[in-house]
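Visitor: I should like a close look at one part of this model, namely the surroundings of the ligand. Please describe the residues there and the elements that carry them.

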Amino acid sequence: MTWTNPATLPKASRWSKGRAGRGGGLGLDIVEVSRIKTVARRTPLFLSRVFAPEEIRYCRAKKKPWPHFAARFAAKEAVWKALGHGGVALKDIRVERDVLGRPYVLVQGRVRRDLELSLTHTERYAAAVALASGNSR
Ligand SMILES: CC(C)(COP(=O)(O)OP(=O)(O)OC[C@H]1O[C@@H](n2cnc3c(N)ncnc32)[C@H](O)[C@@H]1OP(=O)(O)O)[C@@H](O)C(=O)NCCC(=O)NCCS
């Protein structure tokens, strides 16, 4: 995770300086499930600030929602890294699933076929890897 105090989750605008145009291609992130759960309980606006309503609905429908939330949080950070620029807020990055359950990415409401994403989660950790190809950077 790139943020230290989740209650003051940085806005993309604060991240962008000095990072714009860097990184890119590949992004990886790991998240402790308990941290996401703790932040969401302490900060009521956290979920709606970070996740799209569709993502919240999907995770909430699960028997154990927190690993799914954590995986999506990791996905957003991984995609952010893969894009290599700071012009995108975490909420602008959305994870959807195809009919087989495979994740795909929308950025600012548009499906990004040039971004590949894979998620995994256990009870304690969630991780994501994203790969940007073509002209995404
Ligand atoms: C899809 C599958 C690989 C997920 O693996 P898992 O160890 O259960 O779960 P993980 O934590 O690693 O991954 C979960 C994530 O995988 C992703 N996923 C789901 N289906 C997927 C698929 N068909 N392809 C790629 N990714 C998929 C989702 O993002 C999911 O996260 P979500 O539930 O929050 O949306 C697994 O459920 C499966 O179907 N395996 C088939 C294995 C098999 O056929 N074995 C036969 C020989 S023994």
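Guide: A convenient starting point is Glu96, which stands opposite Tyr104 in β3. The model is a predicted one, and this residue pair belongs to strands β2 (residues 93-97) and β3 (residues 103-107), which pair in the antiparallel sense over 5 bridges. The hairpin of β2 and β3 has 5 residues between the strands, and within this hairpin Gly101 takes a positive phi near 95°.

Gly101 is also one of the residues around the ligand, together with Arg97, Leu100, Arg102 and Pro103. The others in this shell are His68, Ala71, Leu119, Thr120 and His121. By class, the shell comprises 4 nonpolar, 4 polar and 2 charged residues. Both α5 (65-83) and β5 (115-121) supply at least two residues each, and β5 gives the most, with 3 residues.

β5 leads from the ligand to a second set of strands. An open sheet of 3 strands has the order β1-β6-β5, with antiparallel pairing. Its edge strands are β1 (26-32) and β5, each of which pairs on one side only. Neighbouring strands of this sheet are turned by 10° against each other on average, direction ignored. The partner of β5 is strand β6 (residues 125-132), and the two pair in the antiparallel sense over 7 bridges. His121, a member of the ligand shell, stands opposite Ala126 in β6.

Helices accompany this sheet. α5, which contributes to the shell, lies across β1, β5 and β6 and runs at about 30° to β6. Helix α2 (residues 33-42) lies across β1 and β6, running at about 70° to β1.

Conventions:
Residues numbered from 1 in each chain as written. Predicted model: local features only at pLDDT ≥ 70, side-chain atom pairs only at ≥ 80, totals over all residues. Pairing = 2+ DSSP bridges. Helix = DSSP H or I, 4+ residues; strand = E, 2+ residues; numbered from the N terminus. Near = placed C-beta within 6 Å. Nonpolar A, V, L, I, M, F, W, Y, C, P; charged D, E, K, R; others polar. Axes fitted to C-alpha atoms, helices over the stretch in contact; angles between N-to-C directions. Contact = placed C-beta atoms within 7 Å.
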